[in-house]
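Visitor: I am new to reading structures, and I would like a close look at a single part. Could you take me slowly through the place where the two chains meet, and then show me how that place fits into the rest?

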Amino acid sequence: MFSPELKKGSIELLTLSLLRDQPRHGYEIGKLMELGSGGRLRFNVSALYPTLYRMEQKQWIKGRWVEKAGQRRRYYYRLMPKGKAVLLEQRKNWQEYVAAINQIVSPKHA
Amino acid sequence: MHDWNQYVREHLRLADISADRREEIIRELACQMEEFYQEELAAESSEDEALRQAEHRIGDWELLSVELGRAERPTRTAAAGRKIEGFEEEIRQKGKAWLVLADLWQDLRDGLRVLRKNPGFTAVAIFSLALGIGLNSTIFCLVDRLLLQPLPVDRPGEVVLIRIRTEKGGMSRSLPYPEYLELRKQSKSLSGIVGMQRHVSVLTGVEVSELLPTECVTRNYFSVLGVKAQVGRVFREDDANPGDPVVVISDGLWQSHFGRNPAIVGKTIELTKRNVTVIGVVPKGFEGVQRPLTTTDVWYPAGEFGSILSGPRAEDFSLMGRLASGVPPLGAQAEVDTIVRHLVRNNPTADKILGATVSVEAEDYVKGFGVLGFLVMTITGLVLLIACVNVSNLLLARSQTRRKEIAIRLALGGSRLRLTRQLLMESLLLSLAAAAFGLLLTRWAIQALPALLPPMPIRVLPELSPDIRVVGFAIGLAFLTTLIFALIPAIHASRLNLVSLLTESPGTGQSGSRYRGRNALVVGQLCICLVLLTQSGLLIKSLVRGLQADVGFEKKNMLLAQFALGIYSYDGNQARAFLQTLQERVQAFPGVKQVSLAARFPLSLSGGGRAQQVFVPGAQTPEDIKYNTVGQNYFQTMGTGILRGRDFTSLDFGSNAKVVLVSEAFTRRFWPKEDSLGKVIYLGESSQANVCTIIGVVRDGPVNKIGEDPQPYMYLPLVRGFNGELTMLVETAGDPGDLASAFRQAVHVIDKRVSPFLMSTLKETLRQGLYDREMVVTFLGSFGLLGLLLASFGLYGIVSYTFSQRTREIGLRMALGAQPSDARRMVLRHGLHLALLGTGIGIPIALLVSYSFSNALYQVNPADPAALVGTALLLVAVALLASYIPARRATKVDPMVALRHQ
């Protein structure tokens with residue numbers, strides 16, 4: 001299990017990534033994070049929903065109520081252009097960050 | 001389908017967010033919970049298990065609320081930002097003061113909102129405080145009127161008391177009238193000196209005659225004091241016809257009996273069967289200047305007019321003066337002292353006058369009675385303290401309930417100072433509301449006060465009304481009580497730590513120190529109650545002892561009828577004949593055992609009666625000894641024991657009567673080692689004309705008040721004074737009250753003009769002798785019971801709250817096998833523990849107080865075990881009763897519900 005600090009820094013990136021392909025609702029986003037990480041990334045409601053609302057205020061994502069046939073009403077989020085730009089920026093930063101860390105922590109071969 | 005919307009609405013705490021946005025968030029979270037629920041059902045959990053899991057997976061609602069609040073803040077801030085820009089400009093223009101006022105206004109609105117949301121707490125707090133503030137305001141009204149307010153005269157700071165110092169150490173004796181006139185003429189340091197005598201007159205010529213407090217005053221009384229009439233005029237020294245029977249009346253009398261009709265001026269009224277003319281009414285609020293009992297309704301001038309009941313007694317004028325311009329009190333003191341010494345050198349009195357003391361009335365009075373006033377206000381202050389402690393406890397308990405709300409407010413950016421101020425504002429609103437209700441209570445209490453006090457034949461309380469000073473006092477008290485009961489809870493609440501709060505486990509109870517603090521407050525309340533109630537118990541016992549006390553005569557069924565035949569122009573012989581006829585006729589009534597006469601009845605209102613200068617051979621100087629003149633069969637009628645010697649016979653009632661009976665104290669004073677029987681004394685100067693032989697010694701008895709030390713006393717045969725005041729004593733077999741109307745009828749048959757101006761039974765008269773004690777018991781007992789009522793609320797509150805916070809613990813115990821009766825015992829034990837602590841600490845304090853005031857107790861041990869133990873048991877019983885409801889609630893705790901209790 002990863003520390004809360006580590007998880008806290010990545011939740012925005014993970015959320016934006018999961019919304020890149022299609023709109024999703026909150027439960028789905030949380031579930032996908034858990035399943036996609038093999039159960040290692042589990043965010044509780046008090047972490048996920050505030051993040052969604054903050055990103056919505058910053059206009060990175062936008063939500064609306066959708067009632068599909070045969071299903072109950074759900075609040076779906078979709079990625080906005082601003083969010084797309086942020087996603088690209090954050091992904092690039094993340095990759096550079098991980099590379100820099102690996103540079104130091106990986107065992108050195110003689 | 002489960003109503004998740006409602007579930008989320010109940011658990012989510014989002015402040016400062018629009019209703020629409022809140023509903024949106026609720027709906028979304030409800031969806032989330034439904035998803036969790038469906039997921040669990042899909043995993044083949046039972047419905048109950050799925051519900052439970054769905055609830056569990058949301059996690060901590062408090063934390064969620066905080067995080068969502070933070071997340072929503074940018075939205076509010078953006079919208080508020082535009083508003084703030086406008087505000088900033090406005091503030092720059094209006095300044096800081098406006099900002100502070102705006103904050104206070106917001107605090108006020110928030111405070112009202114919070115109090116409205118908690119009606120139960122608000123009602124209990126206001127009720128407790130209103131009782132305390134109302135009681136204190138009532139007593140302040142009394143103390144202020146009697147002690148603190150300056151005299152309602154012109155320039156009260158210039159008014160001085162003149163007291164005469166005598167050899168025997170007395171300070172209140174007045175100057176003989178001729179010497180007073182001379183002092184007035186000679187003094188330059190006082191621009192005026194007035195004399196006053198208190199009397200009682202009777203308003204007759206009406207359906208029910210009424211006793212009126214009356215003052216005989218010198219003609220310059222109103223002009224020296226600077227009191228002008230509101231209608232008509234007051235009497236003056238230069239009145240054209242000084243012999244006319246004129247009076248000035250009070251505003252109260254004008255209102256109650258004459259409907260404030262301006263035609264009162266020049267109206268003739270009948271006062272003690274004598275026609276007098278009302279020439280004016282004094283202003284409202286003026287009822288005389290002889291504090292504390294300034295209750296005069298009628299003033300008449302001394303001098304040629306003479307008195308209504310009896311002539312101005314030469315030595316009985318109380319003196320007051322007004323300092324001349326620029327003269328300090330010490331200067332007046334020196335001059336008046338010198339003049340008085342010079343005057344009495346040539347006219348020595350029995351109790352040798354040594355000089356005079358002049359003191360500013362306001363300072364002197366407050367010094368003398370300040371202690372009493374302070375004591376009374378301290379006692380009522382204790383009851384208010386009990387009320388404050390109750391509310392403080394309630395606030396502390398409530399701050400625990402509100403701790404997460406407060407922590408969230410702090411987390412959302414509120415400053416501790418602002419929060420403390422908001423909490424204080426809530427408390428101040430409570431206090432001000434309590435002050436308003438308290439003033440209503442004061443108004444009612446003042447109106448009800450005469451009915452609550454023991455009955456007296458004459459008005460003893462001045463006119464009271466809650467004026468602006470009392471209102472100011474109540475408001476001041478509201479602020480003070482806020483500081484007392486709210487400051488600590490407010491500071492304590494603002495120090496709450498968010499993180500530890502949100503992570504603490506619910507239902508396990510708070511830290512021990514918080515409980516200890518509240519328990520200590522309740523123990524303090526119980527202590528105060530014990531002290532108040534013990535003192536009441538001791539005083540009640542003292543009162544009962546007083547009523548049972550040996551009064552020197554038997555407490556028979558007796559009717560007492562007072563006459564003043566002089567006002568019907570009866571001379572001595574006519575009066576004698578009248579009374580003899582009346583006595584014979586009354587003696588013949590069925591049920592009448594004996595009838596006798598006396599100038600005064602012991603323990604009546606006439607201040608011990610007259611004093612006679614007596615010269616006892618062998619003594620250095622003559623002494624003034626109080627005496628009574630009595631008719632035949634007096635001692636037999638009264639049941640007063642004649643210890644040695646004999647009673648008066650019919651021969652002793654001749655005009656040359658030269659015999660006297662004396663009290664045991666008289667014998668002890670002048671012949672400590674001998675019997676006084678047969679001894680000779682002189683009534684006045686030692687000349688043969690004044691010789692008198694002691695023929696009997698009578699048992700000692702109180703003269704003025706029950707419980708006073710025996711004093712030398714004499715009984716002379718009733719040969720003189722038939723045109724003065726007289727009391728007829730009628731011993732009856734049955735209830736003496738039944739005889740009253742037949743008695744009046746018998747009087748009217750002999751002379752229809754005449755009627756007794758006062759009739760009462762012996763029982764009523766004895767009770768009047770204990771009036772002051774009964775008044776103290778009434779007050780102290782009421783305060784004590786009120787305090788107990790408030791303390792029992794406090795105890796109920798703390799026990800109830802303590803165990804509601806320990807519900808989980810109780811549930812756990814019961815789940816582990818404890819019985820409901822064990823839970824009940826636990827709660828009752830807690831209440832009992834507090835009560836025992838309270839009584840244990842309170843008893844030594846109560847003993848200290850009783851010993852300090854042991855002088856006020858009559859034949860009662862200050863450490864009387866019955867009073868102490870009785871009060872302690874009462875307190876314990878009340879504590880158990882107060883703990884009973886929480887104890888019953890504890891037995892009904894369902895272990896499973898308790899374990900889930902938050």
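**Where chain B meets chain A**

Guide: Between chain B and chain A, eight residue pairs are in polar contact, with both residues of each pair at pLDDT 80 or more. That confidence value appears because this is a predicted model, in which side-chain atom pairs count only at pLDDT 80 or more. On chain B, the elements that give two or more residues to the side touching chain A are helix H2 (19-42), helix H3 (47-58) and helix H4 (61-94). Of these, H2(B) gives the most, with 13 residues. If you sort the residues on this side of chain B by class, you find ten nonpolar, three polar and ten charged residues.

The contact as a whole takes 23 residues from chain B and 18 residues from chain A. The area buried between the two chains is about 2000 Å², and carbon and sulfur atoms give 54% of it. On the side of chain B, the residues that lose the most area to chain A are B:Glu28, B:Gln32 and B:Glu35, which together make up 31% of what that side buries.

Let us turn to the charged groups. Three salt bridges are counted between chain B and chain A. In one salt bridge, the side chain of B:Glu35 meets that of A:Arg74, with a distance of 2.5 Å from N to O. B:Glu35 is thus worth finding twice, as one of the residues of chain B that lose the most area to chain A and as a partner in this salt bridge. There is also a network of salt bridges that links residues of both chains, namely A:Lys31, A:Glu34 and A:Arg42 with B:Glu39, B:Glu40 and B:Arg57.

Staying with chain B, you can look at the loop between H2 and H3, where B:Glu44 has its place. Phi of B:Glu44 is near 65°, a positive value in a residue other than glycine. B:Glu44 counts as exposed, because its relative accessibility is 75% and the cut-off for exposed is over 50%.

Helix H4 of chain B, which also gives residues to the side that touches chain A, holds a salt bridge within the chain. Here B:Glu67 pairs with B:Arg70, and the closest N and O atoms are 3.4 Å apart. The two residues are three apart in helix H4 of chain B, so they are separated by about one helical turn. Both are partly exposed, B:Glu67 with a relative accessible area of 21% and B:Arg70 with one of 36%.

Now consider chain A on its own. Chain A has four helices and three strands, and from the N terminus on its elements run α-β-α-α-β-β-α. Of its 110 residues, 41% count as buried, and the accessible surface of the chain comes to about 7000 Å², of which 56% belongs to carbon and sulfur atoms. Among contacts in chain A between residues at least 6 apart in sequence, 50% join residues at least 24 apart.

A salt bridge gives you an example of a link between distant parts of chain A: the side chains of A:Glu12 and A:Lys58 meet at 3.9 Å, N to O. A:Glu12 belongs to helix H1 (residues 4-18), whereas A:Lys58 sits in the loop between H3 and E2 of chain A, and the two are 46 residues apart. A:Lys58 is partly exposed, with a relative accessible area of 36%. The loop between helix H3 (45-57) and strand E2 (61-66) of chain A also holds A:Gln59, which has a positive phi of about 65° although it is not a glycine. A:Gln59 is exposed, with a relative accessible area of 51%.

Finally, step back to chain B as a whole. Its secondary structure comes to 26 helices and 21 strands, and 49% of its 902 residues count as buried. Chain B exposes about 41700 Å², with carbon and sulfur atoms supplying 57% of that area. Among its contacts between residues at least 6 apart in sequence, 80% join residues at least 24 apart. Over all chains, the structure holds 35 salt bridges, of which three are counted between chain B and chain A.

Key. Residues are numbered from 1 along each chain as its sequence is written. Chains are lettered from A and ligands numbered from 1 in the order in which they are written. This is a predicted model: local features need pLDDT of at least 70, side-chain atom pairs count only at pLDDT 80 or more; totals for chains, interfaces and linings use all residues. Side-chain values use heavy atoms; hydrogens and water are left out. Contact means heavy atoms within 4.5 Å. Buried area is the accessible area (1.4 Å probe) that two parts lose on being put together, summed over both. A salt bridge is a side-chain nitrogen of Lys or Arg within 4 Å of a carboxyl oxygen of Asp or Glu. A polar contact is a pair of N or O atoms within 3.5 Å; within protein, one must be able to donate a hydrogen and the other to accept it, and residues adjacent in sequence count only if both atoms are side-chain atoms. Ala, Val, Leu, Ile, Met, Phe, Trp, Tyr, Cys and Pro count as nonpolar, Asp, Glu, Lys and Arg as charged, and the others, Gly among them, as polar. Buried means under 20% relative accessible area, exposed over 50%, partly exposed in between (1.4 Å probe, protein chains only). Accessible areas come from the Shrake-Rupley method with a 1.4 Å probe; for residues, only the protein chains shown count as cover.
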